[in-house]
Amino acid sequence: MRDEDDIWFDSLAGGKADEPQEAAGTARAIRAAILSRLAAEESPVFGQNGQRESELIDRARAAGLLPAARTTRYRRLPAYLAAAVIAGLAVTVTLQMRTESPAPVIRGSHSGIARIHDEHPKELQQQLIREFKSVGVQARGYESFGRPGVDADLPIPLPSAVREILARHGITPPKDNVLQLEIDTATP
Amino acid sequence: MEQVPAADDTVKQRQLAACFERCWDKFLESSPEHALVISWIAEDNLTHEQIAALLGRSPGATREFISQCRKRARLYLADWYALAFLEG
């Protein structure tokens, strides 16, 4: 069943222009403002990072990570933001090619993300991915500002084997069975 | 015959555009990846699956991320919302 987020998403993407909900109205307005802004802007001259941007965008597209018309949006970002996003994209592309499991995403602690501490976060990340895999759950590793994380869409109802893994690592079963876990380095 | 917008409408549109610009820049500065994903959806009509691939996240985590995008948009674009929807 579609919820308000779905309606907002669909309207932001240009679908179903006659939806009456408030979420649809605000999304359509955002879409119009973004497209209007896009039309009004002139592409600024690429800075020193222009060549690097192009290379990364080409690589991302070759890896199937970006749809065809992707380049202009990076030009519109201020240089420092473009650098940050491109750095994230570079990590994504590099790791995706090697392990199919990364991606830096900014996330707040108030949004259902579980946090645990360990002396060896990366090792624990990989261990958790292996443990979930051993019980038939596909978990993905990612990294956010150097902090390893694990995403997994857990089965409903939660199998006892999965519950045991969570309990073993002191992780509370997540709401809606969508596990989002970040691992901080334990302070001695 | 082509409609010529009234002067008041033109002024309002410029105010709205300027307000959106300010709010959007703040959004980009404070939460660049959420703002960027919103612009991708609007400009390229990306699907959940494409965003999940781009972020390298699971479908559930991607839905959560998109939900966060909406919440953050409401926060950072609040002044623009008020001007566009509440002040007639």
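I began with a definition: two strands pair if DSSP finds at least two bridges between them. Strands are DSSP runs (E) of at least two residues and helices are DSSP runs (H or I) of at least four, both numbered from the N terminus.

I noted that the model is predicted, that local features need pLDDT of at least 70, that side-chain atom pairs count only at pLDDT 80 or more, and that totals for chains, interfaces and linings use all residues. Residues are numbered from 1 along each chain as its sequence is written, while chains are lettered from A and ligands numbered from 1 in the order in which they are written.

**Entry 1: the sheet**

I looked up the strand order in chain A and found an open sheet of four strands, S1-S4-S3-S2, with mixed pairing. Strands S1 (114–118) and S2 (139–144) stand at the edges with a single partner strand each, so one side of each has no neighbour in the sheet. I then followed S2(A), which pairs with S3(A) (residues 147–153) in the antiparallel sense over six bridges. In this pair, A:Ala139 stands opposite A:Ala152.

**Entry 2: the core**

I searched for the largest nonpolar core (buried Ala, Val, Leu, Ile, Met, Phe, Trp, Tyr and Cys residues joined through C-beta atoms within 7 Å) and found 36 residues. Buried means that 20 or more other C-beta atoms lie within 10 Å of a residue's own, with C-beta atoms placed from the backbone. H2(B) supplies the largest share of this core, seven residues. I also listed the contacts of A:Leu12 (C-beta atoms within 7 Å); among them are A:Ile30, B:Ile38 and B:Ile41.

Technical notes: Buried ≥ 20, exposed ≤ 12 C-beta atoms within 10 Å, placed from the backbone. Contact = placed C-beta atoms within 7 Å. Lists of a residue's contacts leave out its neighbours within four places in sequence.
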